[in-house]
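Student: Could you help me understand the words people use when they describe a protein model? I'd like to see how each label is earned.

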Amino acid sequence: MNSELIDQLSSQLGANGLPYTIPIHPNLVHLTLGLFIIGILFDIVGVLFPLDKWVFKFLAISVERVYFFEVGWYNMLAASIITFFTVAAGFYEMLLATPPADVKSAWGFQAMETMIWHGVIGVFLLAVIVGMTVWRGWQRFVWSRDISNQVDRQVQWSYLLVGVTVMLVMYIHGTLGAQLAAEFGVHNTADSLLRLGKDINTNLR
């Protein structure tokens, strides 16, 4: 956003350029990542359960295959809900960002390019996660209960392959977000104080 417009709100913004002390978006991002990754990993373990069942027996862990799928389903459902708030908080905080214009990231992008790509991929991931949740629900309530399938699992290999691919996209997306904070100082309290010529040790106590 234009820095002149943000200056109109300067009295309400803290050293990190936000009206609150701790940025919300990064925390919700990690919640989205954790829920999604755990959901996919537990589904993978559920699919491979006949192969690694002996490991659980060796460790004296009493588990049933269906419980892995339960964790996979509910984590994916939670991820799709949380991601709406993650993306919304991200766009709000991006609108208040005033990164330096003369800095380039390790990938050779300037701040605006990085923010645009981060935002576009974020919306894309939101759509994919919601779509995968619908797909996961269909597998849970329709596909796995179809007598003709004759299977004792809730997810298809194609679903897991898409999930792993999405994790790779999340890595790229997360790296862009990390560059915004670390290299451009977006909503980074210490970086903002240094640019203002203030003493970090005094202001962060």
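Tutor: Happy to help; we will take the helices, then an aromatic pair, then a pocket. Keep in mind that this is a predicted model.

Student: What makes helix 4 roughly antiparallel to helix 5?

Tutor: The two pack at an angle of about 155 degrees, with their axes 9 Å apart. Angles over 145 degrees count as roughly antiparallel, so helix 4 is roughly antiparallel to helix 5. Helix 4 also passes helix 5 in a left-handed crossing. By class, their contact has 16 nonpolar, seven polar and three charged residues.

Student: How do you know which term fits helix 5 and helix 6?

Tutor: Use that cut-off again. Their axes cross at roughly 155 degrees and come within 9 Å. With over 145 degrees as the rule, helix 5 is therefore roughly antiparallel to helix 6. The crossing of helix 5 past helix 6 is left-handed. Their contact has 17 nonpolar, nine polar and one charged residues.

Student: Why is the arrangement of Trp135 and Tyr159 called edge-to-face?

Tutor: First, the count comes to four aromatic pairs. For Trp135 and Tyr159, the distance is 5.4 Å centre to centre, and rings pair if their centres lie within 6.5 Å. Their planes are 90 degrees apart, and over 60 counts as edge-to-face, so this aromatic pair is edge-to-face.

Student: What makes this a link between distant parts of the chain?

Tutor: Trp135 is in helix 5 and Tyr159 is in helix 6, 24 residues apart.

Student: And what is the volume of the largest pocket?

Tutor: About 640 Å³. The largest pocket is lined by 30 residues, and the closest to its centre are His25, Pro26, Val29, His118 and Gly177. Helix 2, helix 4, helix 5 and helix 6 are the elements that give two or more residues to the lining.

Student: How many residues of each class are in that lining?

Tutor: The lining has 14 nonpolar, 15 polar and one charged residues. Gly177 is among the residues closest to the centre, and Gly counts as polar by definition.

Key:
Residues numbered from 1 in each chain as written. Predicted model: local features only at pLDDT ≥ 70, side-chain atom pairs only at ≥ 80, totals over all residues. Heavy atoms only, no water. 1 Å grid on protein atoms, 1.4 Å probe; cavity = no way out; pocket = protein on both sides within 12 Å on 5 of 7 lines; lining within 4 Å. Points joined across faces, edges and corners; volume = space filled by probe spheres on them. Helix = DSSP H or I, 4+ residues; strand = E, 2+ residues; numbered from the N terminus. Axes fitted to C-alpha atoms, helices over the stretch in contact; angles between N-to-C directions. Parallel < 35°, antiparallel > 145°, perpendicular 65-115°, else oblique. Left-handed = near helix turned anticlockwise from the far one by under 90°. Phe/Tyr/Trp six-rings, centres within 6.5 Å; stacked < 30°, edge-to-face > 60°.
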